[in-house]
Amino acid sequence: MNRIVAELVSCQNQIDSFFENQRIAQLLRQSNILKQCGIAPVAVMRFIFCLAFTGKNLFRYLQTTDSRAEIGKDTVYRFLNSTHANWRKFLHLLSAAVIRKHIVPLTAEQTPKVFIVDDSLYNRDRSKKVELLARVHDHNQNRYYRGFRLLTLGWSDGTTYLPVSFSLLSSGNKKNRLTEMADVDKRTNGYKRRTESLRKAPEMLKDLVIQARNRGISADYLLFDSWFAFPSVIIAMLEQKQQVICMLKAMKTITYGYKGFDLTLNDLYKSVYKRRGRAKVLASALVELGKNTEGEAVMAKIVFVRDRSKKKWLALLSTDVELADEQVIALYKRRWDIEVFFKITKSYLNLAKEFQSRSYDALVAHTSIVFARYIMLALARRTSKDPRTLGSLFHAGCDELRQVSFAEALRLLLDQLEQLVKSFAETVAAPIRAMLAEFIAQIPGLLRRSLLLPACKI
């Protein structure tokens, strides 16, 4: 029981520290999330934020004796259903502050930073009256579900992944929508969110990246999988000065220019020179994707990689043709961070499970709060694992290590070896002493005098 109480107190302290250090109340005001009745928005935000760490949903928590009487169900849903709240701006401000203040100082300048885009199923399969609910195809199980496509943009430095923004996509096809849009004021943020949900994912991908960059969040490369890897999407991102690394899918309708011919991905693989043996990188080729708006040819590099699970190959594309093949593969490996993010938010942070609201605004608000929970956990993990967060203690340790010169280190090593040789039998120790005497004789005289090796009897 004492251990459980200590863990609860530690978790609450971590949450309080996160709200204070990241100035959540100020970010809420800047995002037009304002007080409507008697309770401050930051208090309601903290109440919802803590629900996932209590192991209860809203209904069960309100039934307990330790629930806060001043915050009821109506207060929570009034907070979530606000059409004026700009939750995307809130996530932008929060992630930008964490990246600028906590992550970038711990990352080397030459380390590439990346955006990662992917979509996942936001499942509401048992719902019927949820606003803009649609039939969504799940590529993993190859079947349709009721729900939304959660298109997510994240940022990573190779060590820490942070969600930046998202869009809950419905379906632009009216036949696939089970419920239509509610009648809301067209001047509000809620109406803008609803109209965005009817757009196609490649169009929203471009807007999410541009909006994040306008908020001061930048990255060297944009990573996504083969579902978005169309030449038109890649060229559109290049026109926004954003380099792209993605996986390609062999399709008969998409061709690449190579040595004057338009080849499909399968034909391109047959045409390029293959490396011999069991090389992981099979081949690479410089291809033309198409023309940009100015009529100039857009070039890219395609790297063919051996598929470990099958006797086939995988193709990766990089718009930065100067990158080495191994660098393209190493950078694309970071895309797996967003898959881990989806798993954690759905399994542990109650994404799409904590509330059963029918309002589209409430779905967006709750998803933003879940993303904020993940940002807190990612920040706590980075500060507890990275030794540079120890501040002056870390730098003092580095200075102490630098003060040990090469000569002193070698002398310490020889002294340890001397003690070790003394414990051996004479028949074993004699050849070792002979080899060490020959080694010491070959050391330059200046270094041998600084080590005082004549006095070191081995």
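Biologist: Which element supplies the largest share of the lining of the second largest pocket?
Modeller: Helix H11 does, with three residues, in what is a predicted model, where local features need pLDDT of at least 70 and side-chain atom pairs count only at pLDDT 80 or more, while totals for chains, interfaces and linings use all residues. Residues are numbered from 1 along each chain as its sequence is written, and side-chain values use heavy atoms, with hydrogens and water left out.

Biologist: What makes H11 (325-332) a helix?
Modeller: Helices are DSSP runs of H or I with at least four residues, strands are runs of E with at least two, and both are numbered from the N terminus; the run 325-332 therefore carries the name H11. Strand S10 (297-306) and S11 also supply at least two residues each to that lining.

Biologist: What makes a residue part of the lining of the second largest pocket?
Modeller: A pocket is an open set of points, on a 1 Å grid over the protein atoms alone, where a 1.4 Å probe fits and protein stands on both sides within 12 Å along at least five of seven lines, and a lining residue has an atom within 4 Å of a point. For the second largest pocket, 16 residues form the lining, and Met 247, Val 305, Arg 308, Leu 314 and Lys 333 are those nearest its centre.

Biologist: Why is the pair of Phe 341 and Tyr 374 called edge-to-face?
Modeller: Rings of Phe, Tyr and Trp (its six-membered ring) pair if their centres lie within 6.5 Å, and planes under 30 degrees apart count as stacked, over 60 as edge-to-face and the rest as tilted. Here the centres are 4.8 Å apart and the planes meet at 85°, so both cut-offs are satisfied and the pair is edge-to-face. Because Phe 341 lies in helix H12 and Tyr 374 in helix H13 (residues 360-385), the pair ties together parts that are 33 residues apart in sequence.

Biologist: Why do Phe 341 and Tyr 374 count as buried?
Modeller: Buried means under 20% relative accessible area, exposed over 50% and partly exposed in between, with a 1.4 Å probe and protein chains only. Phe 341 is at 0% and Tyr 374 at 10%, so each qualifies as buried.

Biologist: What makes Lys 274 a charge over the ring of Tyr 269?
Modeller: The rule asks for NZ of Lys or CZ of Arg within 6 Å of the ring centre and within 35 degrees of the ring normal. Lys 274 lies over the face of Tyr 269, at 4.6 Å from the ring centre, and Arg 46 lies over the face of Phe 19, at 4.7 Å.
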